[in-house]
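Grab a coffee and work through these short exercises on a ligand site and a bit of backbone geometry. Try each one before reading the solution.

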Amino acid sequence: MSSHGDPIPMTARQGGPLRGEALVPGDKSISHRALILGAMAVGETKISGLLEGQDVLDTGRAMEAFGAEVVNHGGGNWSVHGVGVGGFGEPDQVIDCGNSGTGVRLIMGAAATTDIAVTYTGDASLNSRPMGRVTDPLALFGTRAVGRAGGRLPMTLLGAKEPTPVRYVVPVPSAQVKSAVLLAGLNAPGETVVIEQEATRDHTERMLAGFGAEVSVEDTDEGRVITLKGQPELRPQTIAVPRDPSSAAFPVCAALLVEGSDVLVPNIGLNPTRAGLFYTLQEMGADLTFENMREEGGEPVADLRARYSPAMKGINVPPERAASMIDEYPVLSVVAAFAEGQTVMTGVNELRVKESDRIDAMAQGLRAAGVEVDEGEDWWTVTGRGFGQVAGGITAESRLDHRIAMSFLILGLASNAPVSVDDGGPIATSFPIFEDLMADLGAQIERTAR
Ligand code: S3P
């Protein structure tokens, strides 16, 4: 089932080379944060390049339900008239975050220290994902959560009446958990401290500082210690959202795999907390270069150029790199299927609790397509068959997971027989222009009759 409507089966097959420029949409993580912090500032935040995927649209609607004014000016330009820290009003409707773990977890944090009751829900994928990882630290502020067994949505959070600041060591590498605690800390008096043992994407810390919050980050023996001074007045910002490296991954990997390809993916953020896939591909021997390296809005940015790379080899992906490429393992496993030798991916338990169990989803489809995959709870290996040697000829389940759907379609562009997915609908959550963008490059991806 598609998250919003009937399933949309799609099929990808081999065709000519992929060529041209791929202008991928705005960064999903940054788009969510821009809307949420915009709603917590006093006055009007202007956002350009916002990702208009369903996940982000759902977050925008949630901000309206709390009392912010969210306006679409067209062409990716949006504004948010915020209500200030502690200014969220009690929504008179259930907050439906659709497919988005980032949306619901960040919003739960942002609303947790205001004295309001909020009920959250999502689609079948989101309602099966663990929320205890967020409600546990929020309870330390004084927030109460009432939900289904196992900490699943739908769930009601009763915001803390008199929040106390917390010091919290994040037990899993998760930017969503870190961000939920920091956003909750905004409306608690005193200092909230979050400690992460592995660095995860740091967009929340960066953006909080941009909005005028007092936030400091220190690398210590204990880990990365982030300290936030509560109850600031956030100043509205003008935010240009960079293009999403996690979306760039799909045209980049497609170009590496399809004979004769040469694709430019301009203006991609290479924030070290996000860029792990690109370094991994280079280590595998990909012809992937960073052109026009520059700084924009305090972030390293480059144009990525990817060319057909039939000499790639499997590698051991270091576990300490996992957080910086956590969303990219599915498409990496597709590249690994064509490389020579084994690709070993360790320290990746988090893949089991994404929009789907991503190790299981990819392993089942890849095996059916003729590729050897081994797995344990927190590791998996893909033994590459080599270029021209991947059979394909399958219909994979996308399991309400956009990245699984797109990864199998990339597989189909280079495997010997076409690859279908049962539902490409979820792609719209993060990459609504995927089909058009890939078609413009010359990819053979089409909707299939049911
Ligand atoms: C995200 C954090 C990651 C990532 C997700 C986006 C974010 O999730 O998988 O797509 O924007 O904070 P976790 O925090 O669960 O690792």
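**Exercise 1.** Why does the ligand lie between domain 1 and domain 2?

*Solution.* First, some housekeeping. This is a predicted model, where local features need pLDDT of at least 70, side-chain atom pairs count only at pLDDT 80 or more, and totals for chains, interfaces and linings use all residues. Residues are numbered from 1 along each chain as its sequence is written, and side-chain values use heavy atoms, with hydrogens and water left out.

Now list the shell (residues with a heavy atom within 4 Å of the ligand): K28, S29, R33, T102, P173, S174, A175, Q176, R201, I326, D327 and K354. Then check the domain bounds, which come from an automatic or database assignment. Domain 1 (10–26 + 243–447) and domain 2 (28–166 + 174–187) both supply shell residues, so the ligand lies between them.

**Exercise 2.** Sort the shell around the ligand by residue class and by element.

*Solution.* By class, you get three nonpolar, four polar and five charged residues. By element, α1 gives the largest share, three residues.

**Exercise 3.** Find side chains with a polar atom 2.7 Å from a ligand oxygen, then work out how covered the ligand is.

*Solution.* Start with S29, which has a polar side-chain atom 2.7 Å from a ligand oxygen. R33 puts a polar side-chain atom at 2.7 Å from a ligand oxygen too, and so does D327. As for cover, on its own the ligand has 380 Å² of accessible area (Shrake-Rupley, 1.4 Å probe), and the protein covers 95% of that.

**Exercise 4.** Look away from the ligand: which peptide bond is cis, and what is phi of Q231?

*Solution.* Step one: the bond from L153 to P154 is cis, with omega near -5 degrees. P154 belongs to β9 (residues 152–158), a strand (a DSSP E run of at least two residues). Step two: Q231 isn't a glycine, yet its phi is positive, near 55 degrees. You'll find Q231 in the loop between β13 (223–229) and β14 (238–240).

How values were computed. A polar contact is a pair of N or O atoms within 3.5 Å; within protein, one must be able to donate a hydrogen and the other to accept it, and residues adjacent in sequence count only if both atoms are side-chain atoms. Helices (H or I, at least four residues) and strands (E, at least two) are DSSP runs, numbered from the N terminus. Ala, Val, Leu, Ile, Met, Phe, Trp, Tyr, Cys and Pro count as nonpolar, Asp, Glu, Lys and Arg as charged, and the others, Gly among them, as polar.
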